Amino acid sequence: MNSDKKKGTCLQSEKNKTAHNLSSCFENVRSERPLVECITNYVTVNGCANLLLAAGASPVMADDIEGAAEFTRIADALVLNIGTLTPWVREAMKTSLAIAKERGIPGVLDPVGCGAAASHTRLSLELLESGVSIMRCNQSEAKALLGLNAAAHGVDAAMADQVSEANLGEACANVAELARRYGCVAAVTGAIDIAASPDGRVAVIRNGHPMMADITGSGCMLSALTGAFAAANPGHWFEAVVVMLAAYGAAGEIAQKNLLPGEGSGSFEMRLIDAFNLMNTKTLQEYADYEFI
Amino acid sequence: MNSDKKKGTCLQSEKNKTAHNLSSCFENVRSERPLVECITNYVTVNGCANLLLAAGASPVMADDIEGAAEFTRIADALVLNIGTLTPWVREAMKTSLAIAKERGIPGVLDPVGCGAAASHTRLSLELLESGVSIMRCNQSEAKALLGLNAAAHGVDAAMADQVSEANLGEACANVAELARRYGCVAAVTGAIDIAASPDGRVAVIRNGHPMMADITGSGCMLSALTGAFAAANPGHWFEAVVVMLAAYGAAGEIAQKNLLPGEGSGSFEMRLIDAFNLMNTKTLQEYADYEFI
Amino acid sequence: MNSDKKKGTCLQSEKNKTAHNLSSCFENVRSERPLVECITNYVTVNGCANLLLAAGASPVMADDIEGAAEFTRIADALVLNIGTLTPWVREAMKTSLAIAKERGIPGVLDPVGCGAAASHTRLSLELLESGVSIMRCNQSEAKALLGLNAAAHGVDAAMADQVSEANLGEACANVAELARRYGCVAAVTGAIDIAASPDGRVAVIRNGHPMMADITGSGCMLSALTGAFAAANPGHWFEAVVVMLAAYGAAGEIAQKNLLPGEGSGSFEMRLIDAFNLMNTKTLQEYADYEFI
């Protein structure tokens, strides 16, 4: 993939090419009610569980090796989020990921803090190299995983790393390279979301609202949700991720519209979960704004 | 107790027999402001603390052996919730439960994940056998603790294990057996709540709203609250549990009524805590729907 | 400082003496967007991160020694909150505090549970003696750190320890003594907030609303915010703390006013974060009620 060639073509592709799959990808989560196990940080774990429930999935959060492994043996998806790490959580992640691969259920990675903390980068690379199905991260983390010079110094993406229409071609090339290099679906989110499959497909999703960056956990919740959408759509992980990114972004747009006077970032998380909970395929089709490039 | 005999009689008992105690059981939490120590999972811990405060109790959350034991020596109740486990949390639970028994304060157990994960079942049985005052769980966990074939594969009760009017007699017999076998008050909650005392009393509580299953922690919060109601009503744990189940279910009903347009499961937890916080005995008496059978 | 002499003079000092700094202290958080690392308890960690974002700061929560130390090397402030402790968290706190001192970034301590649990008092004293920049606690914890007889038996301040106009002089003397003894800015909050600098300045802040005591984490969130205000106002930590206490209290007042019918403590936390998120310097100046004594 050549990033220069992409620059001019990103916006010219046929819009919403998989529109016929959009409804089923979304509805399958509700009809399948997948059991999604998350080994995740304690900062945003509550929101992750609540968004999974709002989407129609069944969450189970675990962190000790024994319990985590037991749940992986019955779960429909495994989500690893490395936001807060302890020695036993690292071990639980490796053990559960091995079981997930053995069982053929999707294993999702959110490499929180990559680039900002070397220990997070190391663990992310180790997990990626052992094989994950889907990775969801922000632009700074994506750059760090590609060995590029990322600007992030915390767990949020740096302004300098934000994707805009101006640098979209280069950003798409980076995400495609991530997907290719690690053999997984890669979803890199921010002002503009980009998803890529290991076989070279790339999608750009323009849903969402800037307020999503004003709450903690908007990325973590999305990674948890990735487990649900992948589990409910076997064989269609890439399409499911694209639909999910559109749906989550749409929920953010609706949440912002639903804010009452005097409501700010504190109420936004509730309204975001509300919007996802009440979303139907009609609303989703109305809002969804994505294209395959 | 014979489950067959119960089937026809469950609904024929005198309604709200302990109505004279309802107000005091509820008000005692506010007047006594019991210190409730919770060794609980990190997923729903914030909601547990906030519901305790909303009810008028004072929460303290602990997990390392030393700190947990220090608080148990001054607490008015101890609540053990095994949702997320680590080796030191297991030890802290055992140490604190021994102190609670020595001091004669109520020890509450929420056996989260029993039946779904063998390690959770083992720890629950160990804690039950060492002696707890009150156990609060869902139907799938209750079945697992009785050695019956539970359908749950996560931390939520399975649909197949739900209590309805059709299988209420059998469900009541199971809860009564749990109370008898483990010598504790047993509260098993779901679409219909059932409470039983170790001396053979059984109550059925029909408050609540299905949306309570759409948020994480509605069971955990109830278990935390159990500590507050037990501490504030010494010698009347069974009655206190019945009143609490009615009050919590009523709060769920009110919360659903209070949802604004565009609000779903994201706002429901706030409205549930709001409703419990603003509840008074007049509202409680208006909503409470329970009977002793 | 003589507590008797202060009793009559507390209310006679020139009001809002540093009013010219108020706006800049507040705005600097938004313009500097400091990276605030919190090693904090898992009960209220989500609210801490969300309040930091609402204020314009960038939060990063950590707890293992390696990751925590890596973030301290790039953070603009470090906040230590000892609400829930484990052996590795204790070590992470000591390691990160040493790095913070070496780098000259502010180190904030919230000595949760001091006085109620001896292990919490011991660790607090150890951290204070190794040197912190700012300490934020409640009245019961302040008394315990001074070796006075505190009434607290949980993590909330005891009624008997509350500051009122009647005992304000004595309370101010205690806070001044804490600041002097440990060479840090001390902020002791409750119905009336008091701040003192190690060089003998004392301020009384009368913003806030009683509902702030009805939610878990109102103190923890304030301690997290202290890191942001200190980082954004180098050389003016005392003034920044005073402005922050006024702003946070004002947000509490606004949050209470913004409650809709049927809303109680459950919605209050959202509305508190909303109010801080939407606050501007005009609103702050309108609400701020503090004096230097």
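Chain B can be laid on chain A by a turn of 120 degrees with a shift of 0.0 Å along the axis, and the RMSD is 0.0 Å. For this superposition, copies are fitted by least squares on the C-alpha atoms of residues with pLDDT of at least 70 in both. In chain B, Tyr42(B) has the C-alpha nearest the axis, at 3.6 Å. The copies use different surfaces, since 12% of the contact residues of chain B recur in chain A; two residues are in contact if their C-beta atoms, placed from the backbone, lie within 7 Å.

I should state that this is a predicted model, in which local features need pLDDT of at least 70 and side-chain atom pairs count only at pLDDT 80 or more, while totals for chains, interfaces and linings use all residues. Residues are numbered from 1 along each chain as its sequence is written, and chains are lettered from A and ligands numbered from 1 in the order in which they are written.

Turning to chain C, a rotation of 120 degrees with 0.0 Å of shift along its axis superposes chain C on chain B, with an RMSD of 0.0 Å. That is the relation of a three-fold axis. In chain C, the C-alpha nearest the axis belongs to Tyr42(C), 3.6 Å away.

Finally, one residue of chain B. Glu253(B) lies in helix α10, residues 237–258; helices are DSSP runs of H or I, at least four residues long, numbered from the N terminus. Outside the residues up to four places away in sequence, Glu253(B) touches Asn207(B), Gly208(B), His209(B) and Tyr287(B). Is Glu253(B) buried, exposed or partly exposed? Glu253(B) is partly exposed, because 18 other C-beta atoms lie within 10 Å; 20 or more would make a residue buried, and 12 or fewer exposed, with C-beta atoms placed from the backbone.

Notes
Helix = DSSP H or I, 4+ residues; strand = E, 2+ residues; numbered from the N terminus.
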